[in-house]
Amino acid sequence: MLPEPYRLHHRADFSRAVRRGQRIGRRDLVVHAFTHGYDQGSGTSAATGSEQVPALPAEPAVRIGGPRFGLIVSKAVGSAVIRHRVARRLRHLCAQVQAELPAEIDIVIRALPGSAAAGSDDLLRQLRTALRKLGLTERAGSPS
């Protein structure tokens with residue numbers, strides 16, 4: 001199971017990762033990754049060097065935990081029972097790879113219809129390949 005600090009909950013976090021992050025598609029998954037920049041709400045103006053009072057920051061200055069994961073499993077994947085099974089498998093895979101990723105990353109995984117029939121080992125291989133191609137991890141993954 002994926003612990004609470006490693007989950008995305010808010011719609012804004014999902015939208016930020018999908019719209020502003022990098023994306024890579026695999027056969028059964030699409031992986032979106034957004035790296036947070038903590039210098040956006042620093043409180044100083046780069047042009048004048050004077051202090052300014054920032055409005056509400058768009059992102060928290062301090063994050064607890066490591067990388068956060070969000071899942072999108074649509075009705076195209078299958079019935080409710082199949083969608084929940086796919087989501088449970090993906091959460092388990094996220095728990096396996098979270099130690100390999102930097103803490104300032106938000107990752108959204110969109111399950112494609114083929115993910116319902118794919119095995120866990122195949123989904124893990126696709127996820128690790130996508131993360132490696134996005135430049136988020138250097139590990140070769142588990143041997144096949």
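Start with the whole chain in view: of the contacts with a separation of 6 or more, 74% are between residues 24 or more positions apart. The model is predicted. Buried residues make up 39% of the 144 residues in the chain. Colour by secondary structure, and three helices and four strands appear. Followed along the sequence, they give the pattern α-β-β-β-α-β-α.

**Stop 1: the sheet**

Select the four strands together. They form an open sheet in the order 1-2-4-3, with mixed pairing. At the edges are strand 1 (22-25) and strand 3 (68-73), each of which pairs on one side only. On average, and with direction ignored, neighbouring strands of this sheet are turned by 15° against each other. As background, the strands of a sheet pair through backbone hydrogen bonds, in either a parallel or an antiparallel manner.

**Stop 2: strands 1 and 2**

Now select residues 22-25 and 29-35. Strand 1 (22-25) and strand 2 (29-35) run antiparallel and are joined by four bridges. The two strands form a hairpin, with three residues between them. For a single pair to display, take Gly25, which stands opposite Val30 in strand 2.

Keep strand 2 selected and show its surroundings. Is strand 2 enclosed or open? Six of its seven residues are buried, so strand 2 is largely enclosed by the rest of the structure.

**Stop 3: strand 4 and its two partners**

Add strand 4, residues 105-111. Strand 4 is mostly covered, with six of its seven residues buried. On one pairing, seven bridges join strand 4 to strand 2, and these two strands run antiparallel. Two pairs can be picked out here: Leu29 has Ala111 of strand 4 as its bridge partner, and Ala33 stands opposite Ile107 in strand 4.

Next, show strand 3. How do strand 3 and strand 4 run, parallel or antiparallel? They run parallel, joined by six bridges. Ile72 is a residue to label, with Arg110 in strand 4 as its bridge partner.

**Stop 4: helices 2 and 3 on the sheet**

With the sheet still displayed, turn on helix 2 (residues 80-97) and helix 3 (residues 120-133). Helix 2 packs on the sheet, where it touches strand 2, strand 3 and strand 4. The direction of helix 2 makes about 160° with that of strand 3. Helix 3 also packs on the sheet, touching strand 1, strand 2 and strand 4. The direction of helix 3 makes about 40° with that of strand 2.

**Stop 5: where the two helices meet**

Hide the sheet and look at the helix pair. Helix 2 and helix 3 pack at an angle of about 50°, and their axes are 10 Å apart. This angle makes helix 2 oblique to helix 3. The crossing of helix 2 past helix 3 is right-handed.

Show side chains for the residues that make the contact:

- From helix 2: Arg89, Leu90, Leu93, Gln96 and Val97.
- From helix 3: Ser120, Leu123, Leu124, Leu127, Arg128 and Leu131.

Which classes of residue make up this contact of helix 2 with helix 3? There are seven nonpolar, two polar and two charged residues.

**Stop 6: Gln126**

Stay on helix 3 and select Gln126, which is located in that helix. Is Gln126 buried or exposed? Its relative accessible area is 7%; the limit for buried is under 20%, so Gln126 is buried. Apart from neighbours within four places in sequence, Gln126 is in contact with Arg26, Arg27, Asp28 and Leu29. Of these, Leu29 was shown earlier as the bridge partner of Ala111 in strand 4.

**Stop 7: two residues outside the helices and strands**

Select Glu104, in the loop between helix 2 and strand 4. Glu104 counts as partly exposed, at 28% relative accessibility. Add Gly66: the C-alpha atoms of Glu104 and Gly66 are separated by 6.9 Å, although the two residues are 38 residues apart along the chain.

Finish with Pro5, in the segment before helix 1 (11-20). At 39% relative accessibility, Pro5 is partly exposed. Select Phe69 as well, 64 residues away from Pro5 along the chain; their C-alpha atoms are separated by 9.4 Å.

Notes:
Residues are numbered from 1 along each chain as its sequence is written. This is a predicted model: local features need pLDDT of at least 70, side-chain atom pairs count only at pLDDT 80 or more; totals for chains, interfaces and linings use all residues. Side-chain values use heavy atoms; hydrogens and water are left out. Axes are lines fitted to C-alpha atoms, for helices over the stretch in contact, and angles run from 0 to 180 degrees between N-to-C directions. Angles under 35 degrees count as roughly parallel, over 145 as roughly antiparallel, 65 to 115 as roughly perpendicular and the rest as oblique. A crossing is left-handed if the near helix is turned anticlockwise from the far one by less than a right angle, and right-handed if clockwise. Contact means heavy atoms within 4.5 Å. Ala, Val, Leu, Ile, Met, Phe, Trp, Tyr, Cys and Pro count as nonpolar, Asp, Glu, Lys and Arg as charged, and the others, Gly among them, as polar. Two strands pair if DSSP finds at least two bridges between them. Buried means under 20% relative accessible area, exposed over 50%, partly exposed in between (1.4 Å probe, protein chains only).
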